[in-house]
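Here's a quick look at one protein model, starting with its cysteines and then moving to what sits in its interior. Have the sequence and the structure open as you read.

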Amino acid sequence: MRSDPPNGGEPLLPLGGEPADATDPALETVRPGQPTPGRLGRVGPGADEGLADPGEPGRRQRHELWMRRALEVAVTGPAAGGPSTDPADGADLAVEDVPVGAVVYGPDGTELAFGRNERELTGDPTAHAEVLALRRAAQRLGRWRLDDCTLVVTLEPCTMCAGALALARISTVVFGAWEPKTGAVGSLWDVLRDRRVNHRPEVYGGVLENETAAVLRAFFR
């Protein structure tokens, strides 16, 4: 379950009172499952629900292994396997995209598809890592329903991606770094655990949080 913030429930704020983000060194002190720095308590249906408990060690190890694969996708870029508008120089163009990687795994743990942010590369505002991975997984399976599948992503999904995950009927979502500025799986909103939504997957947050946040900090330096 999600831990309560320290200091008697007061939110953590970096100097200047601005909310932290995944590039902020303050995130290094945040424990997995802890409320994101700079955020007050969540409100609305499902606000009292915590993150899913990782449970047995085997599950935690599997999630960390899968997250390392998502990190590999994030830092390698679309030139390593994802489609590109210009294969000849995709690696150079990929430098401009925020390094977020996502991987979809089938019920048996088989990797179905992966995606990396390609908004700058393709000029597509919807080309987030999660959306691309979902599209490719659905294409491979020949159906839009991704029941019993798991999506692993290095950064907390935004509202668009969280909505897509619910609509795709993904069973489990695993993410790395928290994103207080746009996060919709517990930071600004909690789309996937809102009781008004007709499909609510299990959510595991903060997996390899320090490693995933470090990749983003390095990119924004």
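The sulfur of Cys161 has its closest cysteine sulfur in Cys158, 3.8 Å away, and that's too far for a bond. Keep in mind that this is a predicted model. A disulfide is a covalent bond between the sulfur atoms of two cysteines, and the cut-off used here is sulfur atoms within 2.5 Å. Seen from the other side, Cys158 finds its closest cysteine sulfur in Cys161, again at 3.8 Å and too far for a bond. The disulfide count by this rule is zero.

So are these two cysteines buried or exposed? Both count as buried, as the table shows.

| Cysteine | Relative accessible area | Status |
|---|---|---|
| Cys158 | 14% | buried |
| Cys161 | 0% | buried |

Now for the nonpolar interior. The largest nonpolar core has 31 residues, and the members touching the most others are Val104, Leu134, Leu146, Leu151, Ile170 and Leu192. Which elements give two or more residues to this core? On the strand side they are S1 (101-105), S2 (111-116), S3 (150-155) and S4 (172-177); the helices are H5 (129-141), H6 (159-167) and H7 (209-220). H5 gives the most, with five residues.

Leu146 is worth clicking on. Setting aside its neighbours within four places in sequence, Leu146 is in contact with Leu134, Ala137, Ala138 and Leu141, and also with Ala168, Arg169, Ile170 and Ser171.

There's also a second, separate core of eleven residues, including Ala70, Val103, Tyr105 and Val207.

Methods. Residues are numbered from 1 along each chain as its sequence is written. This is a predicted model: local features need pLDDT of at least 70, side-chain atom pairs count only at pLDDT 80 or more; totals for chains, interfaces and linings use all residues. Side-chain values use heavy atoms; hydrogens and water are left out. A nonpolar core is a set of buried Ala, Val, Leu, Ile, Met, Phe, Trp, Tyr and Cys residues joined through side-chain atoms within 4.5 Å. Buried means under 20% relative accessible area, exposed over 50%, partly exposed in between (1.4 Å probe, protein chains only). Helices (H or I, at least four residues) and strands (E, at least two) are DSSP runs, numbered from the N terminus. Contact means heavy atoms within 4.5 Å.
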